[in-house]
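Me: I'm new to this structure and would love a friendly close look at one part of it. Could you walk me through the aromatic rings, and then the charged side chains?

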Amino acid sequence: MNLNLIRWMATDGELETLVTFGSSRVVRLRSGRLEIRGGDRLDRAAAKEWTSIFCHEALPGREE
């Protein structure tokens with residue numbers, strides 16, 4: 001598992017990246033909602049596992 005914690009790094013005006021797992025990201029939207037975005041099946045599975053332990057309010061988000 002490739003875990004890269006990023007401390008509130010803004011990626012654009014609409015969201016902030018909290019943590020990355022390969023090409024999958026856990027992001028906070030401007031509205032305050034947390035989502036898991038991008039990545040392949042394994043990266044998303046790692047992100048879901050991490051959020052289930054540390055970040056319960058994160059949602060799977062839309063498929064990209």
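Reply: Here is a walk through the ring pairs, followed by the salt bridges. Please keep in mind that this is a predicted model.

Let's begin with the rings. How many aromatic pairs are there? The count comes to two. One of them brings together Phe 21 and Trp 50, whose ring centres are 6.0 Å apart. The planes of Phe 21 and Trp 50 make an angle of 55°, and the pair is tilted. If you trace the chain, you will find Phe 21 in strand 2, which covers residues 15–21, while Trp 50 sits in helix 1, residues 41–54. These two residues are 29 residues apart, so the pair links distant parts of the chain. Phe 21 and Trp 50 are both buried.

Now stay with Trp 50, since another pair joins it to Phe 54. The centres of Trp 50 and Phe 54 are 5.7 Å apart, with 40° between the planes, and this pair is tilted too. Here both partners belong to helix 1, where Trp 50 and Phe 54 are four residues apart, or about one turn of the helix.

Are Trp 50 and Phe 54 buried or exposed? Trp 50 has a relative accessible area of 18%, and because buried means under 20%, Trp 50 counts as buried. Phe 54 has a relative accessible area of 60%, which is over the 50% cut-off, so Phe 54 is exposed. Put together, the ring pairs link Phe 21, Trp 50 and Phe 54 into a cluster.

Next come the charged side chains. A search of the whole structure finds two salt bridges. In one of them, Arg 33 partners Glu 35, and their closest N and O atoms are 3.3 Å apart. In the other, Arg 37 partners Glu 35, with the closest N and O atoms 2.9 Å apart.

Which of these residues are buried? Glu 35 has 6% relative accessibility and Arg 37 has 9%, so both count as buried, the cut-off being under 20%. Arg 33 has a relative accessible area of 40%, which lies between the cut-offs of 20% and 50%, and therefore Arg 33 is partly exposed.

As you may have noticed, Glu 35 appears in the bridge with Arg 33 and also in the bridge with Arg 37. Salt bridges that share partners in this way join Arg 33, Glu 35 and Arg 37 into one network.

Methods
Residues are numbered from 1 along each chain as its sequence is written. This is a predicted model: local features need pLDDT of at least 70, side-chain atom pairs count only at pLDDT 80 or more; totals for chains, interfaces and linings use all residues. Side-chain values use heavy atoms; hydrogens and water are left out. Rings of Phe, Tyr and Trp (its six-membered ring) pair if their centres lie within 6.5 Å; planes under 30 degrees apart count as stacked, over 60 as edge-to-face and the rest as tilted. Buried means under 20% relative accessible area, exposed over 50%, partly exposed in between (1.4 Å probe, protein chains only). A salt bridge is a side-chain nitrogen of Lys or Arg within 4 Å of a carboxyl oxygen of Asp or Glu.
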